[in-house]
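Student: I would like to learn how to read a ligand site and the backbone around it, taking one feature at a time. Could we work through an example together?

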Amino acid sequence: MAKTLTHFIGGAHRDGASGRFADVFDPSTGQVQARVPLASAAEVGEAIATAETAQREWGSWNPQRRARVLMRFLELVARDRDELAELLSREHGKTLDDAKGDIQRGVEVIEFCIGAPHLLKGEFSTGAGTGIDVYSLRQPLGVVAGITPFNFPAMIPLWKAGPALAAGNAFILKPSERDPSVPLRLAELFLEAGLPAGVFSVVNGDKEAVDALLADDRVAAIGFVGSTPIAEYIYATAAAHGKRAQCFGGAKNHLVVMPDADLDQVADALIGAGYGSAGERCMAISVAVPVGAATADALAAKLTERVAALAVGPSLREGVDYGPLITRDAVDRVSAAIQRGIDEGAVVLADGRGLVVEGHEEGFYLGPTLLDHVTPDMAVYREEIFGPVLVITRAQSYEQALGLASDHEYGNGVAIYTRDGDTARDFTARVNVGMVGVNVPIPVPIAYYTFGGWKRSGFGDLNQHGADAFRFYTKTKTVTSRWPSGTKEGASFVIPTMD
Ligand code: NAD
């Protein structure tokens with residue numbers, strides 16, 4: 001019988017009270033492995049009230065004391081890394097090594113957050129006027145919330161929670177209802193690390209829980225990551241309630257292949273970036289753009305050969321390149337997108353539909369799919385597919401390739417492979433996309449830089465992690481003070497200036 005999961009509120013597991021549940025699958029077998037409660041507005045309200053109380057104490061701790069809790073948390077994650085990775089792999093379906101990477105990229109942001117005391121320093125100007133000093137303080141917002149997607153159940157919650165907590169906020173996480181177990185374990189580990197009860201909560205749920213967070217005046221900021229339609233909805237709704245919001249959405253990442261590139265290196269990069277984690281990454285490469293017919297023909301041949309050798313199977317099996325998709329619905333949706341591409345004239349070099357993995361016949365598998373001669377008018381080019389599907393869109397020139405990536409409605413990531421420095425410099429300067437790789441297929445910035453897409457891949461101001469995250473999770477107070485205080489100037493009716 002499938003176990004029933006909980007929420008994590010006020011430092012303790014809490015059974016769901018709404019009577020509503022969602023199934024959590026093991027995508028490798030297709031079986032339901034747990035039920036997750038879907039919170040009601042009342043349960044969300046309780047989490048917010050607990051967080052508000054807990055934040056008063058947490059926010060009053062000095063930043064170094066708070067950072068020590070994060071240090072201890074890192075030790076606990078290291079202690080439990082294998083267990084966390086297996087839990088993640090079983091619920092998400094990514095391979096064990098990839099699950100470890102998911103955790104590690106989250107850990108790297110927490111490591112960065114240990115430096116919060118430095119990042120929270122204000123500015124100071126002495127003698128700005130006679131006896132006048134001006135300085136600024138960075139203060140926590142209070143209670144903030146994160147709403148996160150299924151595809152990085154450790155990394156993205158930690159990207160949001162780390163800076164929010166280090167800055168002195170209480171954080172409420174509404175993780176994906178598809179794989180909530182790792183977020184619940186993270187809540188346990190934060191508590192064990194010494195985080196006061198109620199400072200980090202997990203409310204599981206769906207739209208009802210999200211809407212309750214959006215509507216509640218006690219929640220000061222919303223960090224969202226997920227699909228673009230929901231990102232837009234959350235951004236608009238949060239703004240309508242006067243909240244700060246940063247909302248990151250979908251993607252269609254191009255990799256431009258110049259004729260001078262090493263095509264074996266490019267093919268390897270495309271296979272990893274296109275099919276790793278079954279293509280369920282917002283930084284996956286989903287469009288290869290070879291420049292020139294000769295480059296395209298040679299690349300298509302190398303990709304076809306490599307795709308045929310890919311091993312797809314249960315996430316915990318040794319030697320598997322990628323595992324199942326998250327749900328049966330996802331398999332059906334991606335399969336329909338492939339069919340639409342074929343109907344619109346794409347040339348099939350590999351069709352992964354109908355893959356059956358022996359002994360795991362009910363698992364949510366889809367083999368690697370490679371489509372050539374995909375043109376910008378086709379849905380399979382325009383829309384995010386979020387599955388193991390790579391399309392080849394041939395360009396006749398560098399300018400055309402640059403234009404394709406720049407004009408696409410999404411602007412998350414992009415890469416160029418070339419041996420020519422001039423071309424690479426021109427590309428990085430001109431391409432209209434937020435994160436760029438030069439001979440790097442998945443340019444997810446390191447923790448002390450910031451992560452964020454442009455155009456319809458990101459809504460709101462300021463990126464995730466890096467210094468931006470500390471700006472997002474704090475408000476600036478600016479103080480103008482005069483010492484000695486006794487100067488007598490009489491009443492003044494003009495605006496003070498520093499003349
Ligand atoms: P999703 O948009 O379906 O769900 C994301 C979150 O929103 C979940 O917590 C979900 O419960 C909630 N949600 C879903 N529908 C909602 C609704 N109608 N109202 C309120 N909340 C709702 O996304 P997903 O399928 O979990 O994740 C995949 C998507 O996330 C892809 O589009 C991918 O590109 C994107 N993504 C983007 C980034 C980035 O940084 N840009 C990173 C990872 C994933």
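Tutor: Let us begin with the composition of the shell, keeping in mind that this is a predicted model. The residues of the shell around the ligand divide into 13 nonpolar, nine polar and four charged.

Student: Which residues come nearest to the ligand?

Tutor: A residue is counted as near when one of its heavy atoms lies within 4 Å of the molecule. Here 26 residues surround the ligand, and those that come nearest are Thr-148, Lys-174, Glu-177, Ser-227 and Glu-384.

Student: Which atoms of Thr-148, Lys-174 and Ser-227 lie close to oxygen atoms of the ligand, and at what distances?

Tutor: The cut-off to apply for a polar contact is a pair of N or O atoms within 3.5 Å. Thr-148 brings a polar backbone atom to 2.8 Å from a ligand oxygen, whereas for Lys-174 it is a polar side-chain atom that lies 2.7 Å from an oxygen atom of the ligand. In Ser-227, an N or O atom of the side chain is 2.6 Å from a ligand oxygen.

Student: How much of the ligand's surface does the protein bury?

Tutor: One compares the area that the ligand exposes alone with the part that the protein covers. Taken alone, this ligand exposes 840 Å², and the protein buries 86% of that.

Student: Where does the ligand sit, and which elements give two or more residues to its shell?

Tutor: The ligand occupies the largest pocket, and the elements giving two or more residues to the shell are helix H8 (207–215) and strand E11 (219–225). On the level of domains, the shell draws at least three residues from each of domain 1 (3–249 + 457–479) and domain 2 (253–438).

Student: Which peptide bond is cis, and where is Pro-484 placed?

Tutor: For this feature one reads the omega angle. The bond from Trp-483 to Pro-484 is cis, with omega near -5 degrees, and Pro-484 belongs to the segment after strand E23 (474–482).

Student: What is the phi value of Ala-278, and where is that residue found?

Tutor: Ala-278, a residue other than glycine, has a positive phi, near 55 degrees, and is found in the loop between helix H10 (263–275) and strand E14 (285–290).

Methods. Residues numbered from 1 in each chain as written. Predicted model: local features only at pLDDT ≥ 70, side-chain atom pairs only at ≥ 80, totals over all residues. Heavy atoms only, no water. Polar contact = N/O pair within 3.5 Å; in protein donor to acceptor, adjacent residues only side chain to side chain. Areas by Shrake-Rupley, 256 points an atom, 1.4 Å probe, with all protein chains shown as cover. 1 Å grid on protein atoms, 1.4 Å probe; cavity = no way out; pocket = protein on both sides within 12 Å on 5 of 7 lines; lining within 4 Å. Sits in = over half its atoms within 2 Å of the grid points. Helix = DSSP H or I, 4+ residues; strand = E, 2+ residues; numbered from the N terminus. Nonpolar A, V, L, I, M, F, W, Y, C, P; charged D, E, K, R; others polar. Domains from an automatic or database assignment.
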